[in-house]
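Here's a quick tour of how some chains line up, what sits in the core and how one helix packs. Have the viewer open as you read.

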There are 4 protein chains.
Amino acid sequence: MMVFAAAAMGRLMEPHNPNWKARCEAGFLAQEVMGTLGVTIADIAPGRVVLEMPFNAAFTQHHGFLHAGTVTTALDSACGFAAFTLMPQDREVLTVEFKSNFLSPAKGAAFRFEGEVVKSGRTLSVTRGTAFADGVAISTMQATMMAVTTP
Amino acid sequence: MMVFAAAAMGRLMEPHNPNWKARCEAGFLAQEVMGTLGVTIADIAPGRVVLEMPFNAAFTQHHGFLHAGTVTTALDSACGFAAFTLMPQDREVLTVEFKSNFLSPAKGAAFRFEGEVVKSGRTLSVTRGTAFADGVAISTMQATMMAVTTP
Amino acid sequence: MMVFAAAAMGRLMEPHNPNWKARCEAGFLAQEVMGTLGVTIADIAPGRVVLEMPFNAAFTQHHGFLHAGTVTTALDSACGFAAFTLMPQDREVLTVEFKSNFLSPAKGAAFRFEGEVVKSGRTLSVTRGTAFADGVAISTMQATMMAVTTP
Amino acid sequence: MMVFAAAAMGRLMEPHNPNWKARCEAGFLAQEVMGTLGVTIADIAPGRVVLEMPFNAAFTQHHGFLHAGTVTTALDSACGFAAFTLMPQDREVLTVEFKSNFLSPAKGAAFRFEGEVVKSGRTLSVTRGTAFADGVAISTMQATMMAVTTP
């Protein structure tokens, strides 16, 4: 089990919108790529989102493992929605940048993507994510998200 | 037009395998996710690979633009195959890590992904990539690739 | 010679402050660490700053080469001041994040640090930097800078 | 308190050299920049190194806070030596790349730098670091280290 950095650093994560959960779930459904990949929400809490995805050969690289970019797509959404849980009603988030290390082959039947907020600022949020294949950590991400006014 | 860093730094990129081009093309076709996304090779040279992809709503985020992870999937392959063009016959490459900044919305009809080798070492290669949407730079990647013995 | 990405992408970099150069030079002198390290400005233009530093054993790692962090300190300032050249009078920049790859040992007598703006946005600027030791590229950075109101 | 990722992921970190601690301490003393900055070892364990540094105006930026590069220099050494604790007798480590986010101003009297190994591979180690100023998290690093044969 991953221990979440924010909690570990002793800070509480408080939503700024009573509607945060429904808003995140709706935002997630609006990302068409999540449906295409078969990614679903496994858990959602203020400052933390966990996604899941079954193996799908359509998204693999040349050894038949999930492509690093596929893993990153789900991890970016886990981190982005983790930041989104803490946004006020008139704000949404964009990915400014991310960096991922790949720890082990993305080989398995069940994938899990944990995203959490390390620091939620007024404009920028720093997040961290870890991807797992059948329980083994395969990738770790550090990402910056930016709050923008909802169009 | 992007000017390639390696050429700009005055170093020549020499393949170490007479068969480098056919090997890259075969490796690319073996990445099932490339076919799923509709990514194809537009140009390939020693130390440099350019990929293309038409817009596809199935891989979008909540505003209908390509998801950052989709862009990253193609950019990672552009960078990885750029490194692969310089590998000897018994080596292939794995992505160690990458970092991407997102410059503009991934909004457009035609996407282009340029990957190039900045430094090709015996074990590690440093690469750089830029993604374009209808000619506008939308993302820039810095990635580390590792040479591993072909299984 | 490194060819600068922004120019290569066909965009002009225009200062938004007639006083940009004097302001950058003053800001640079105010960074006490630059004097401590012996870093000086070699060249400054809108969207581009080049710094220089002679070898100094006081800032080395265990092989007697400049420490990766020393190289990064100068490269971060090169990138930050490159972004600062394009700021209006009431704005300055903070480093949001950076990522550096190390290409070759930081071994040499004369070090050079080139920073340039890839994209200058209203809030965020994306920059790129390359460090050289006696003309050899030793490190490449991709960094995000944030415009903040001058206190 | 930061909870360490490796322990959190349920893996034990075992040294491969009975002499690991003395070797790390000697390696640390050989990094001249550590002495120049006033950085010392606060704690050292297999897979984990904590460094400390008092504030020093000589290494500050224009607001009088520690320069991002100074923080990164100490954090890189914390991560590098964390990886080094797990190396066999004939190996040492080089920094391949790192990425740091800056969370809060590096403002304080006492700085602390925690580095830990996320994954220790035969060739590459992935590490993570967090810097604190008077107990407040100011920067978080994700870094790749490479094992090389000791010259």
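## How chains A and B relate

Copies here are superposed by least squares on the C-alpha atoms of residues with pLDDT of at least 70 in both. Keep in mind that this is a predicted model.

So how does chain A get onto chain B? Turn it by 180 degrees, with 0.0 Å of shift along the axis, and the two superpose with an RMSD of 0.0 Å. The two copies are therefore related as by a two-fold rotation axis. Both copies also use the same surface, since 100% of the contact residues of chain A recur in chain B. To find the axis from chain A, look for Lys99(A): its C-alpha comes closest of the chain's residues, at 2.0 Å.

## Chains B and D

Chain B can be laid on chain D in much the same style: a turn of 180 degrees, a shift of 0.0 Å along the axis and an RMSD of 0.0 Å. Here again the same surface serves both copies, with 100% of the contact residues of chain B recurring in chain D. Within chain B, the residue closest to this rotation axis is Lys99(B), with its C-alpha at 4.2 Å.

How many residues of chain B are in contact with chain D? Six, and they meet six residues of chain D. Strand 3 (residues 91–102) of chain B supplies the largest share of that side, three residues. By type, the side of chain B that touches chain D splits into two nonpolar, two polar and two charged residues.

## Inside the core

The largest nonpolar core holds 188 residues. Which of them touch the most other members? Those are Ala74(A), Ala78(A), Ala78(B), Ala74(C), Ala78(C) and Ala78(D).

Take Ala78(A) for a closer look. Leaving aside residues up to four places away in sequence, Ala78(A) touches Val49(A), Val50(A), Leu51(A), Phe113(A), Glu114(A), Gly115(A) and Gly129(A).

## Helix 2 of chain C

Helix 2 (residues 20–29) of chain C has three names to note on its buried side: Trp20(C), Cys24(C) and Phe28(C). They cover an arc of only 65 degrees around the axis, which puts them on the same side of the helix. As a rule, an α-helix has 3.6 residues a turn, so residues three or four places apart point the same way.

What do these buried residues pack against? Their partners are helix 3 (32–37), strand 1 (40–45) and helix 4 (68–84) of chain C. On the face turned away from the buried side, you'll find the exposed residues Ala22(C) and Ala26(C).

Note on methods:
Residues are numbered from 1 along each chain as its sequence is written. Chains are lettered from A and ligands numbered from 1 in the order in which they are written. This is a predicted model: local features need pLDDT of at least 70, side-chain atom pairs count only at pLDDT 80 or more; totals for chains, interfaces and linings use all residues. A nonpolar core is a set of buried Ala, Val, Leu, Ile, Met, Phe, Trp, Tyr and Cys residues joined through C-beta atoms within 7 Å. A residue is buried if 20 or more other C-beta atoms lie within 10 Å of its own, exposed if 12 or fewer, and partly exposed in between; C-beta atoms are placed from the backbone. Two residues are in contact if their C-beta atoms, placed from the backbone, lie within 7 Å. Helices (H or I, at least four residues) and strands (E, at least two) are DSSP runs, numbered from the N terminus. Ala, Val, Leu, Ile, Met, Phe, Trp, Tyr, Cys and Pro count as nonpolar, Asp, Glu, Lys and Arg as charged, and the others, Gly among them, as polar. The arc is that of the directions from the helix axis to the C-beta atoms.
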